[in-house]
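Visitor: Please show me the structure, and then let us discuss its features by question and answer.

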Amino acid sequence: MKAAVSSWLQAAMPVARRLFARRIVLAAALVLPLVTGVALLYPMLSDADPGAIEIGQRLHAPSLAHWAGTDELGRDVMLRIVHGARYSLLIGVVTAAGAVLFGTLMGMLAGFFRRLDAPLMRVVDAMMSFPDILLGIALVSILGVSLWNVMLALVIVYTPRVARVVRATTLVLRELLFVDAARALGVRTPRILCQHILPNLMSPILVQVTFIFAYAILAEAGLSFLGVGVPPDIPTWGTMIAGSLDYADRAFWTIFCPGLAIVLTALSLQMLGDGVRDLLDPKLRKAA
């Protein structure tokens, strides 16, 4: 067991050095586990109620008692940020997973089967012709305002992005010799897709996961800001900002603190995605 762990670490160290060669990527890799760990572990370590209303403490500035101040109802902003992180991260995870699942399937079918390419790509082009936020507003308006409907709408919005990337890579892979060899040996198409095409799609898919995760968090905040996102009773970072707009001139921290959480998380995901792209792209790796 120790030998296996030692060999794994020896193989992982060069990869980690290349991935974290830039300090900003290393910083991003440190921020994300911190945000996730705080969101998951804090409710287990503290029984403080993030929704506790104390009118006498309303709109107090940040202090030792309330690190990020209090909002218009006297609720601790830091507690609400920590509590809301679970919902914002959940939206990012579900959106990224759903978009990658359906986008990969659609892109593989369009790239491998010539007859499906044109109709599927026309659907993708039609969806991508709308700005993300406008398409999200339209879908939430049709589906109804709820947490799961917002996630479903964001999955639909970002699926075409993955589909286009996967299709472009699949078009190249299907013409390579190892795919021709598999066909000559009589390997069935589903097995070719699963064992030969899909493993070679992991690089672009991993990069898309990090980007869509960040896009989903930003999109949820935008939808909530416009009043068509998650219901106000669910304390995501976006709903916290939307609910504090009327008090921004008197208590800027009610918007600044959740906004800072959104920026740090989204920026960290973007930087980590850039690092993964640089690590997996042979052209960039060769140039470096």
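Guide: A crossing is left-handed if the near helix is turned anticlockwise from the far one by less than a right angle, and right-handed if clockwise. The model under discussion is predicted.

Visitor: In which hand does helix 5 pass helix 9?

Guide: Helix 5 spans residues 132-143 and helix 9 spans residues 202-225, and their axes are 10 Å apart. By the convention just stated, a clockwise turn of the near helix is the right-handed case. The crossing of helix 5 past helix 9 is right-handed.

Visitor: Which term describes the orientation of helix 5 and helix 9 to each other?

Guide: The two helices pack at an angle of about 60 degrees. Roughly parallel requires an angle under 35 degrees, and roughly perpendicular requires 65 to 115. Helix 5 and helix 9 are therefore oblique.

Visitor: How many nonpolar, polar and charged residues has the contact of helix 5 with helix 9?

Guide: Helix 5 contributes I133, G136, I137 and V140, while helix 9 contributes A219, G222 and L223. Gly is counted as polar in this classification. By class, the contact comprises 5 nonpolar, 2 polar and no charged residues.

Visitor: What is the geometry of the aromatic pair of F112 and F113?

Guide: The structure holds 4 aromatic pairs. In the pair of F112 and F113, the ring centres are 5.3 Å apart and the planes meet at 75 degrees. Because planes over 60 degrees apart count as edge-to-face, the pair of F112 and F113 is edge-to-face.

Visitor: Is F252 buried or exposed, and is W253 buried or exposed?

Guide: F252 and W253 also form an edge-to-face pair, with 5.5 Å centre to centre and 75 degrees between the planes. The limits are under 20% relative accessible area for buried and over 50% for exposed. F252 has a relative accessibility of 53% and W253 has 7%. Thus F252 is exposed, whereas W253 is buried.

Visitor: Which residues form one aromatic cluster?

Guide: Rings pair if their centres lie within 6.5 Å. One cluster is made of three aromatic residues, namely Y158, F211 and Y215.

Visitor: Where does L59 lie, and what is its phi?

Guide: L59 is buried, because its relative accessibility is 17%. The residue is found in the loop between helix 2 (23-45) and helix 3 (77-112). L59 is not a glycine, yet its phi is positive, near 60 degrees.

Technical notes. Residues numbered from 1 in each chain as written. Predicted model: local features only at pLDDT ≥ 70, side-chain atom pairs only at ≥ 80, totals over all residues. Heavy atoms only, no water. Phe/Tyr/Trp six-rings, centres within 6.5 Å; stacked < 30°, edge-to-face > 60°. Buried < 20%, exposed > 50% of the residue type's maximum accessible area, 1.4 Å probe, protein only. Axes fitted to C-alpha atoms, helices over the stretch in contact; angles between N-to-C directions. Helix = DSSP H or I, 4+ residues; strand = E, 2+ residues; numbered from the N terminus. Parallel < 35°, antiparallel > 145°, perpendicular 65-115°, else oblique. Contact = heavy atoms within 4.5 Å.
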